[in-house]
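Hi,

Here's the structure I promised to send over. Have a look at it first, then read on.

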Amino acid sequence: MLHPVIRDGEAGIVRPMTERDKIAVLVKAIVRTANAWGLTNAEAAALFDVPTATWSRMKAGSFQGKLDQDKVTRASLLIGLFKGLRLLFNGPLTYGWPKTPNKGAGFNNKTPIQIMLDGGIPAMMRVRQHIDALRGGV
């Protein structure tokens, strides 16, 4: 089985990806997603279910903690939703859809972010499935 590798700085040494490396990549992806969607720090922290101080460390690239299964699940759903939106839309909705009020079934004129903040992981799954279904994937 092949293991992902990263290059170690200027020395060009290739080493196996560690758990710390995986956490850093996942956190960076979540921060980029939150930035692309225009989330406030409070929204992003709540969506990822971390204190705002922890979110600030994540944004600054100084987070040294671990991610439990809940956080990994949230990250997977958010990154999948981000990717699905990029595949589905071309234009402002690519990044704007999560904060746009939606009149569709299950949204009741709330934004997808509001739905996910109110409903946690189950709501995040429903929103992700909604986008996958629009793409014809589910």
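Below is what turned up when I went through it.

First, a caution: this is a predicted model, and every value here is computed from it.

**The overall layout**

The chain has 6 helices and 2 strands. Going from the N terminus, they come in the order β-β-α-α-α-α-α-α. Of the 138 residues, 34% are buried. The chain exposes about 8,300 Å², with carbon and sulfur atoms supplying 55% of that. If you take contacts between residues at least 6 apart in sequence, 51% of them join residues at least 24 apart.

**The largest pocket**

Next, try finding the largest pocket, which has a volume of about 190 Å³. Its lining is made up of 13 residues, and Ala 24, Val 27, Met 58, Gly 61 and Phe 63 lie nearest the centre. Which helix gives the most to that lining? That's H1, with 6 residues. Helix H1 (19-36) and helix H3 (52-60) each supply at least two residues. As for character, the lining divides into 6 nonpolar, 3 polar and 4 charged residues.

**The salt bridges**

A bit of background: side chains of opposite charge can pair when their charged atoms come close. The structure holds 8 salt bridges, and three are worth a look on screen.

- Asp 70 pairs with Arg 74, their closest N and O atoms being 2.8 Å apart. Both sit in helix H4 (residues 69-88), 4 residues apart, which is about one turn of the helix. Arg 74 counts as buried because its relative accessibility is 9%, under the 20% cut-off. Asp 70, at 25%, is partly exposed.
- Arg 128 and Asp 132 meet at 3.4 Å, N to O. These two belong to helix H6 (residues 112-134), and again they are 4 residues apart, about one turn. Here Asp 132 is buried at 14%, while Arg 128 is partly exposed at 24%.
- Lys 71 and Asp 68 meet through their side chains at 3.9 Å, N to O. Lys 71 is buried, with a relative accessible area of 11%, whereas Asp 68 is partly exposed at 42%.

Now go back to Asp 70 and Lys 71. Which residues are they linked with in a network of salt bridges? The network joins Asp 49, Asp 68, Asp 70, Lys 71 and Arg 74, so when you display the Asp 70 and Arg 74 pair, put the others on screen too.

Shout if anything is unclear!

Cheers

How values were computed:
Residues are numbered from 1 along each chain as its sequence is written. This is a predicted model: local features need pLDDT of at least 70, side-chain atom pairs count only at pLDDT 80 or more; totals for chains, interfaces and linings use all residues. Side-chain values use heavy atoms; hydrogens and water are left out. On a 1 Å grid over the protein atoms alone, a cavity is a set of points where a 1.4 Å probe fits but cannot get out, and a pocket is an open set with protein on both sides within 12 Å along at least five of seven lines; lining residues have an atom within 4 Å of a point. Grid points are joined across faces, edges and corners, and a volume is the space filled by probe spheres set on the points. Ala, Val, Leu, Ile, Met, Phe, Trp, Tyr, Cys and Pro count as nonpolar, Asp, Glu, Lys and Arg as charged, and the others, Gly among them, as polar. Buried means under 20% relative accessible area, exposed over 50%, partly exposed in between (1.4 Å probe, protein chains only). Contact means heavy atoms within 4.5 Å. Accessible areas come from the Shrake-Rupley method with a 1.4 Å probe; for residues, only the protein chains shown count as cover. A salt bridge is a side-chain nitrogen of Lys or Arg within 4 Å of a carboxyl oxygen of Asp or Glu.
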